[in-house]
Amino acid sequence: MLSNYIANQKVHEQYGGVVPELASRAHLQNIVPVVDAALHTAGCQLQTADAIAFTQSPGLIGSLLVGAQFAKSLSLALDKPLIAVHHMQAHVLANLIEDPKPEFPFLCLTVSGGHTQIVLAKSPYDLKVIGETIDDAAGEAFDKSAKLLGLPYPGGPLIDKYAQQGNPKAFKFAEPQIPELNFSFSGLKTSVLYFLQDKKKKDEKFVEKNLYDLCASVQLAIITILLKKLKKAVQQTGVKNVCIAGGVSANSGLRKAFKELGEKQGWETYIPKFEYCTDNAAMIAITGYYKYLAVEFVDLSVSPSARAEW
Ligand code: KG4
Ligand code: ZN
């Protein structure tokens, strides 16, 4: 990995969530300086690239359009092959960026702001979703609970920070009963909402007084839902190489609980380096690398898609 440059968009903080139009505009403003900076850090010229890989789907269509159009233009101007990458597959393959890498087959719990999936990976080209959320994603559960606690967007990292000083057993929230390897997080959000409404009626300062315990308890509820299904997936498939990926895999409580569960169950566990968990360029590059080896190129007629089949 020669460089992994990320432009964070601060513009959304004041709105309590990502505003799609502002995201695509910030993308437009950032894309040339970011590519320049990435090349500079890597000490490379554009001409030395073997191929251009970009995120085709899923995501916010305006932002995807900016990236796709930019990648197509580079590919045409430089006469280099163009490679379309699926964002969620890239999160899974982020586990292959650095040693030690999981051997195939492996299971991956991918937890991000928009998706929660368990993936069975038999090779870089054979990734199958065997379980997923039927409503909110795990990241949304973090962010929406954080909002109810009066924390700014995105609240996931803040819940992580405050949870470290709280008691995870202080409060208990409803646990969903969902069949197979699927997840549900909308009930948890409602459970937190009603719980807080009730407590605030009795004491206006309830959240303020119990913020650390509330964060630790919400975090434990989410981790419990995730790891129960992951354990079930290992039992069903017999695959004991297990990874986590996606923005929520940056959560220190999840990382710790996952490692501990793995040790107890005799799994080989893998977690990408922190900077390869939340959205990053390196995961698109590693997926592009495998597609390059397989000569999986696309032509200029390719278009991005907000929701795409796996
Ligand atoms: O993968 P990602 O960076 O972007 C998407 O593809 O969605 O994931 C973003 C999500 C957000 O919901 C954010 O709150 C959550 O990951 N997140 C965390 C942590 N860091 C990021 N959630 C809990 N603890 C963290 N440390
Ligand atoms: Zn992501």
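Where does Ser184 lie? Ser184 sits in the loop between α5 and α6, and a later legend comes back to it. Just so you know, everything pictured here is a predicted model.

**View 1. Three side chains hold the zinc ion (ligand 2).**
The protein donors here are His87 and His91, each through NE2, plus Asp279 through OD, and they lie 2.0 to 2.1 Å from the zinc ion. Read along the chain, the donors follow the spacing H-x3-H-x187-D. That pattern brings distant parts of the chain together: His87 belongs to helix α3 (residues 87–93), while Asp279 comes from the loop between β7 (268–270) and α9 (281–293), 192 residues apart. Is His87 buried or exposed? His87 counts as buried because its relative accessibility is 14%. Asp279, at 47% relative accessibility, counts as partly exposed.

**View 2. Ligand 1 and the residues around it.**
Count the neighbours of ligand 1 and you get 18 residues, with Gly113, Asp143, Asp160, Asn251 and Asp279 as the closest. Asp279 is a name you've already met, as one of the zinc donors. Now zoom in on some oxygen atoms of the ligand. One is 2.6 Å from an N or O atom in the side chain of Asp143. For Gly247, the partner is a polar backbone atom, 3.0 Å from an oxygen atom of ligand 1. Asp279 also offers a polar backbone atom, this time 2.9 Å from a ligand oxygen. How much of the accessible area of ligand 1 does the protein cover? On its own the ligand has 550 Å² of accessible area, and the protein covers 86% of that. Helices α3, α4 (138–148) and α5 (156–163) each give two or more residues to the shell. By type, the shell divides into ten polar, five nonpolar and three charged residues.

**View 3. Salt bridges, pair by pair.**
Side chains of opposite charge can pair when their charged atoms come close. How many salt bridges does a search of the whole structure find? The search finds twelve, and here are a few of them. Glu175 and Lys228 meet with N and O 2.7 Å apart. Glu175 is in the loop between α5 and α6 (186–202) and Lys228 is in helix α7 (residues 206–237), so this pair ties together parts that are 53 residues apart in sequence. Glu175 counts as partly exposed, at 31% relative accessibility.

Next, look at Glu260 and Lys256, whose closest N and O atoms are 3.5 Å apart. These two are four residues apart in helix α8 (residues 252–265), so about one helical turn separates them. Glu260 is partly exposed, with a relative accessible area of 44%, whereas Lys256 counts as exposed at 55%. Salt bridges can also link up: Asp136, Glu140, Lys144 and Lys189 form a network.

**View 4. Two cis peptide bonds in the loop between α3 and β3.**
Most residues other than glycine have a negative phi, and most peptide bonds are trans. Which residues does a cis bond join here? One joins Asp99 and Pro100, with omega at about -5°. Another cis bond runs from Phe104 to Pro105, with omega near -5°. Pro100 has its place in the loop between α3 and β3, and Pro105 is found in that loop too. Asp99 also forms a salt bridge with Lys101, their closest N and O atoms being 3.1 Å apart. Asp99 is exposed, with a relative accessible area of 64%, while Lys101 is partly exposed at 35%.

**View 5. Positive phi at Asp79 and Glu180.**
Asp79 isn't a glycine, yet its phi is positive, at about 60°. You'll find Asp79 in the loop between α2 (61–78) and β2 (82–86), and at 69% relative accessibility it counts as exposed. Glu180 isn't a glycine either, and its phi is about 55°. Glu180 lies in the loop between α5 and α6 and is exposed, with a relative accessible area of 52%.

**View 6. Back to Ser184, and on to Cys108.**
The side chain of Ser184 makes a polar contact with the side chain of Asp135, at 2.7 Å. Ser184 counts as buried, with 8% relative accessibility. Cys108 is in strand β3 (residues 106–111), and Cys108 is buried, with a relative accessible area of 0%.

Definitions and conventions: Residues numbered from 1 in each chain as written. Chains lettered and ligands numbered in written order. Predicted model: local features only at pLDDT ≥ 70, side-chain atom pairs only at ≥ 80, totals over all residues. Heavy atoms only, no water. Donors = N, O, S within 2.8 Å, 3.2 Å for Na, K, Ca; no water. Buried < 20%, exposed > 50% of the residue type's maximum accessible area, 1.4 Å probe, protein only. Near = heavy atom within 4 Å. Polar contact = N/O pair within 3.5 Å; in protein donor to acceptor, adjacent residues only side chain to side chain. Areas by Shrake-Rupley, 256 points an atom, 1.4 Å probe, with all protein chains shown as cover. Nonpolar A, V, L, I, M, F, W, Y, C, P; charged D, E, K, R; others polar. Salt bridge = Lys/Arg side-chain N within 4 Å of Asp/Glu carboxyl O.
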